[in-house]
Amino acid sequence: MSALPLGSLVPGARTDRFAGRSWWRHRSGAGQEVGARMSRAGLGGRGPWLEGLAVSADGMAEGAGPAIDLRQRKKPKSSGNKESAKEKISNTPVPQRASKSVTSGMMYALYLSAYHERKFWFSNRQELEREITFQGDSAIYYSYYKDMLKAPSFERGVYELTHNNRTVSLKTINAVQQMSLYPELIASVLYQATGSSEIIEPVYFYIGIVFGLQGIYVTALFVTSWLMSGTWLAGMLTVAWFIINRIDTTRIESSIPLRENWALPYFACQVAALTGYLKSNLNSYGERFCYLLMSASTYTFVMMWEYSHYLLFLQAVSLFLLDSFSLEPSDKVHEVYKIYIFSLFLGYLLQFENSALLVSPLLSLVASLMLAKCLQMNVKKGTFLAKIMKVINFYLVCILTVTLNIVMKMFVPHKENGHMLKFLEVKFGLNMTKNFTMNWLLCQESLQTPSQDFFLRLTQSSLLPFYILVLVICFFSVVQVIFRRFKGKSLKETVTLDDGQIGERPEIIYHVIHTILLGSLAMVIEGLKYLWTPYMCMLAAFGVCSPELWMTLFKWLRLRTIHPVLLALVLSMAVPTIIGLSLWKEFFPRLMAELTELQEFYDPDTVELMTWIKRQAPIAAVFAGSPQLMGAIKLCTGWMVTSLPLYNDDDLLKRNENIYQIYSKRSAEDIYKILTSYKANYLIVEDAICNEVGTMRGCRVKDLLDIANGHVVCEEGDKLTYSKYGRFCHEVKINYSPYMNYFTRVYWNRSYFVYRINTVISFQS
């Protein structure tokens, strides 16, 4: 692995700077206030995959923090608004078949926009108050979007980002390559080229694009399910399940600028195009359209997300298994492999010669598959040697893939990062470590096995039971087809309803394999549920709406009392209708309640801190503190910082761990040396971290630091050791020597304490 993808696809990592310490204050119409503790779990920052691991990791958890309120706004006086809204919905004419998917996507995008406005009340907030809602690495992404808009020209803006020395002290980075800032580049170009500056504010334009992409995401899932089942009911049910389970299908509500929110819509389009491309009864024009759409969406997906090749690798494995069992014409599958190669090499060139793409397992696998095909082409079909090559093809590809990947890493210069392997070793009990970063990652819920609450939510929405039913039927049908292939029987060109063999359709076989691979990974790392759960929605909806699936089941049961074809057709309409009505009755009122509850984001402590920095701190000042807070300072003030909530760079990982020493039991002199080594001028201590009360024993930041520093050893058989120094974040507040000699407090509020790092040290007697 070339980088530690724990954050952006972790997929479950959340970038919550105020994790577990925020307040939501609701103000009723009568003026009463009710305080409710907001608890957000999360992994922040960007890490290596699997962003799950993406491990889309995005920031360090911080425990308690500033008082952040979501205050309920007064509802409109008009009492007929709710009724009129329902009237509009009920009186909306039924769209034509071809527009149902687009309509669903548009409605979901509008829902996200309305929900976001009612939650944060952006329309009545100042720019600073809007910006502090971006947390963790989301703040970094949006800050570079702002920088592009301020640049005198697009070329100058790109140059400053690729040679950026104004973000992290003593470090020049290529921000476009390291953080995959292509979405921000595109958004800034569109904003200026369309003249939107005279119509809409930059923040609305930015989040509007992301919400629009989420609409495309839902539309692509709709189309995929429709293509597989042949009915728009499957698409509607897919969208319904996706929205109802959105806490497990997307992170758009908590972290808008995440790379996965930009990239996964394109991957969903690619999957939809691939589904159509694999269909056996597709005409030449449809096949060509699917191929072009698949090519464009695959390349865009690679450009939008640095960890996209890991997800495409799983897809390539699915297609490889599909081809190995001769369940799809090899020519079609190898055309898809060509798309992978084209996208990787073009991405390599346009991503500043990104070596991670050359040493990716995807390229090694595809190259091995191409080479194996060349070996088979030189052997006459039907001969004994051809049969032997078919048998050993699987092992040949596996050996070639591993060999090529090792060779590529030997000859292609790349940043070797062993954090992924170390993390997996520790997670599965193969090794033990006291390393701060590794132990912190192990404490994140998104990197642990799925909780019971996850399965309970999916069961309550009826998604999990129907997904299991559909998957079991399809899986055993696919197994039947594979055994028949081993016996020498060929597949039918067209599968009819009377056949009752849903496993003979190539696109179904591909989706069954792909969802099993994604589900297996999600069972190990909960953060990957954001890849798997949308797949569950699509597959479950397709199954219950497909007469072929019910017919397959009836064939196994040998149903004779009722005509199986008629019953299959009836169930394919009745079951989704009943599910839809039950979901409407139970969940629609909840969705409407979310849109009628008016709230506003309120975080006075952070606003005061940012205001003080902009007014009092020198322009050349460098700030040190937790990575999440540094991301907010970079966005809200533009001042230089010592660290960032990013986890795909070894130097930044080391910086984060060193800066976090301000919450350890180290001497004032040690902390002073660490901070001055990064040219820091100001130190910000967060009371939320210093006095953190964690729910998991040994997972607080200060606990992990004590273990890493050897001040407290928790393992059995080891002796307990203690530091002769008190915890720095506590001692520095007391303002006595030697702490006052190194640090001078210049600002404080309920949540933050700011200290100037003295350049001239005088020790008083």
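**Exercise 1. The sheet**

In what order do the five strands of the open sheet stand, and what is the pairing?

Before the solution, some ground rules. This is a predicted model, where local features need pLDDT of at least 70 and side-chain atom pairs count only at pLDDT 80 or more, while totals for chains, interfaces and linings use all residues. Residues are numbered from 1 along each chain as its sequence is written, and side-chain values use heavy atoms, with hydrogens and water left out.

Step 1. Get the vocabulary straight: helices (H or I, at least four residues) and strands (E, at least two) are DSSP runs, numbered from the N terminus. Two strands pair if DSSP finds at least two bridges between them.

Step 2. Read across the open sheet: the order is E6-E5-E7-E9-E8, and the pairing is mixed.

Step 3. Look at the edges. Strand E6 (640–641) and strand E8 (743–748) each have a single partner strand, so one side of each is left without a neighbour in the sheet.

Step 4. Take the E6 end. E5 (residues 622–624) runs parallel to E6, joined by two bridges, and Phe623 sits opposite Val641 in E6.

Step 5. Now the E8 end. E8 and E9 are antiparallel, paired over five bridges, with a hairpin of three residues joining E8 to E9. Arg745 faces Tyr755 in E9.

**Exercise 2. Helices on the sheet**

Work out which strands H26 lies across and which ones H29 touches.

Step 1. Contact here means heavy atoms within 4.5 Å. Axes are lines fitted to C-alpha atoms, for helices over the stretch in contact, and angles run from 0 to 180 degrees between N-to-C directions.

Step 2. Helix H26 (residues 604–616) lies across E5, strand E7 (682–686), E8 and strand E9 (752–757), and runs at about 20 degrees to E9.

Step 3. Helix H29 (residues 668–677) also packs on the sheet, touching E5, E7, E8 and E9, and its direction makes about 75 degrees with that of E8.

**Exercise 3. Helix pairs**

Classify three helix pairs by angle, starting with H8 and H9.

Step 1. Set the cut-offs: angles under 35 degrees count as roughly parallel, over 145 as roughly antiparallel, 65 to 115 as roughly perpendicular and the rest as oblique.

Step 2. Helix H8 (residues 202–229) packs against helix H9 (residues 232–244) at about 140 degrees, their axes 7 Å apart. That angle makes H8 oblique to H9.

Step 3. Check the hand. A crossing is left-handed if the near helix is turned anticlockwise from the far one by less than a right angle, and right-handed if clockwise. H8 passes H9 in a right-handed crossing.

Step 4. See who's involved: residues of H8 including Phe222 and Trp226 meet residues of H9, among them Trp232 and Phe242. The residues of this H8 and H9 contact split into 10 nonpolar, four polar and no charged. (Ala, Val, Leu, Ile, Met, Phe, Trp, Tyr, Cys and Pro count as nonpolar, Asp, Glu, Lys and Arg as charged, and the others, Gly among them, as polar.)

Step 5. Next pair: helix H12 (residues 284–304) and helix H13 (residues 308–324) have axes that come within 8 Å and cross at roughly 140 degrees. This makes H12 oblique to H13. Thr298, Phe301 and Val302 in H12 meet Ser308, Leu311 and Leu312 in H13.

Step 6. Last pair: the axes of helix H11 (residues 259–278) and helix H14 (residues 330–350) come within 11 Å and cross at roughly 155 degrees. H11 and H14 are therefore roughly antiparallel to each other.

**Exercise 4. Backbone oddities**

Find where Leu170 lies and which peptide bond is cis.

Step 1. Recall the background: most residues other than glycine have a negative phi, and most peptide bonds are trans.

Step 2. Leu170 has a positive phi, near 60 degrees, and lies in the loop between helix H5 (154–162) and helix H6 (175–179).

Step 3. The cis bond runs from Ser737 to Pro738, with omega near 10 degrees. Pro738 lies in the loop between helix H32 (728–734) and helix H33 (739–742).
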